[in-house]
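Trainee: I'd like a close look at just one part of this model. Please pick a spot on the surface and show me how it fits into the rest.

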Amino acid sequence: QQVIKNLLVGDDLTFERKMREMVLAPRVEKLLSKDEILELYLNYVFLGRSSWGVEMASRSYFGKSVRQLSVSEGQMLAALTKGPNYYHPDRYPDRLAERRLYVGQRMAE
């Protein structure tokens, strides 16, 4: 549903938008594999600093390709998906550190 919201129906807080998501999500799941849906999500998710997608965010935050990231750097980007403004590394490093720890624990599980 996140992919549908981000790419097709927008983020307005309405009943109609949620209904559109509910109708479109199963259709997309029939057309695309889970890996393809994840790839779409990772290429279009907003991660702060005017960065849409993990590659752009990786270059913005670390100055390198996503393929060159350390596990810790990858955790940071994963943490930012929940709320790039709320967990902004320059403004709220403590929030980000806590979220990054949580992400690391979930990755280990």
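Mentor: Let's start with Phe15, which counts as exposed because its relative accessibility is 62% (buried means under 20% relative accessible area, exposed over 50%, partly exposed in between, with a 1.4 Å probe and protein chains only). Before going further, note that this is a predicted model, where local features need pLDDT of at least 70 and side-chain atom pairs count only at pLDDT 80 or more, while totals for chains, interfaces and linings use all residues. Residues are numbered from 1 along each chain as its sequence is written, and side-chain values use heavy atoms, leaving out hydrogens and water.

Phe15 belongs to helix H2, which covers residues 15-31 (helices are DSSP runs of H or I with at least four residues, strands are E runs of at least two, and both are numbered from the N terminus). Together with Met19 and Met22, Phe15 makes up a nonpolar surface patch offering about 330 Å² of accessible area. Patch members have over 30% relative accessible area and no salt bridge; nonpolar side chains (Val, Leu, Ile, Met, Phe, Trp, Tyr) are joined within 5 Å, like charges within 9 Å. The areas come from the Shrake-Rupley method with a 1.4 Å probe, and for residues only the protein chains shown count as cover.

Helix H2 also carries charged side chains. Lys18 and Glu21 form a salt bridge, with their closest N and O atoms 3.3 Å apart (the criterion is a side-chain nitrogen of Lys or Arg within 4 Å of a carboxyl oxygen of Asp or Glu). Both partners sit in H2, three residues apart, or about one turn of the helix. Arg17 joins Lys18 and Glu21 in a network of salt bridges. The burial of the two partners is worth a look: Lys18 is partly exposed at 34% relative accessible area, whereas Glu21 is buried at 2%.

Now zoom out to the other charge pairs. The whole structure holds six salt bridges, including one between Asp90 and Arg49 at 3.0 Å, N to O. That pair links distant parts of the chain, 41 residues apart: Asp90 is in the loop between H5 and H6, and Arg49 is in the loop between helix H3 (34-44) and helix H4 (54-62). Asp90 is exposed at 54%, while Arg49 is partly exposed at 36%. Another bridge joins Arg106 to Glu109 at 3.9 Å, N to O; Arg106 is partly exposed at 49% and Glu109 is exposed at 72%.

H5 and H6 meet directly as well. The axes of H5 (residues 71-80) and H6 (residues 93-108) come within 8 Å and cross at roughly 110°, so the two helices are roughly perpendicular. Axes are lines fitted to C-alpha atoms, for helices over the stretch in contact, with angles from 0 to 180 degrees between N-to-C directions; under 35 degrees is roughly parallel, over 145 roughly antiparallel, 65 to 115 roughly perpendicular and the rest oblique. Among the residues in contact (heavy atoms within 4.5 Å) are Val71, Met76 and Leu80 of H5, and Leu96, Val103 and Met107 of H6.

As for the overall setting, the protein has six helices and zero strands, and 31% of its 109 residues count as buried. Its accessible surface comes to about 7,600 Å², with 53% belonging to carbon and sulfur atoms.
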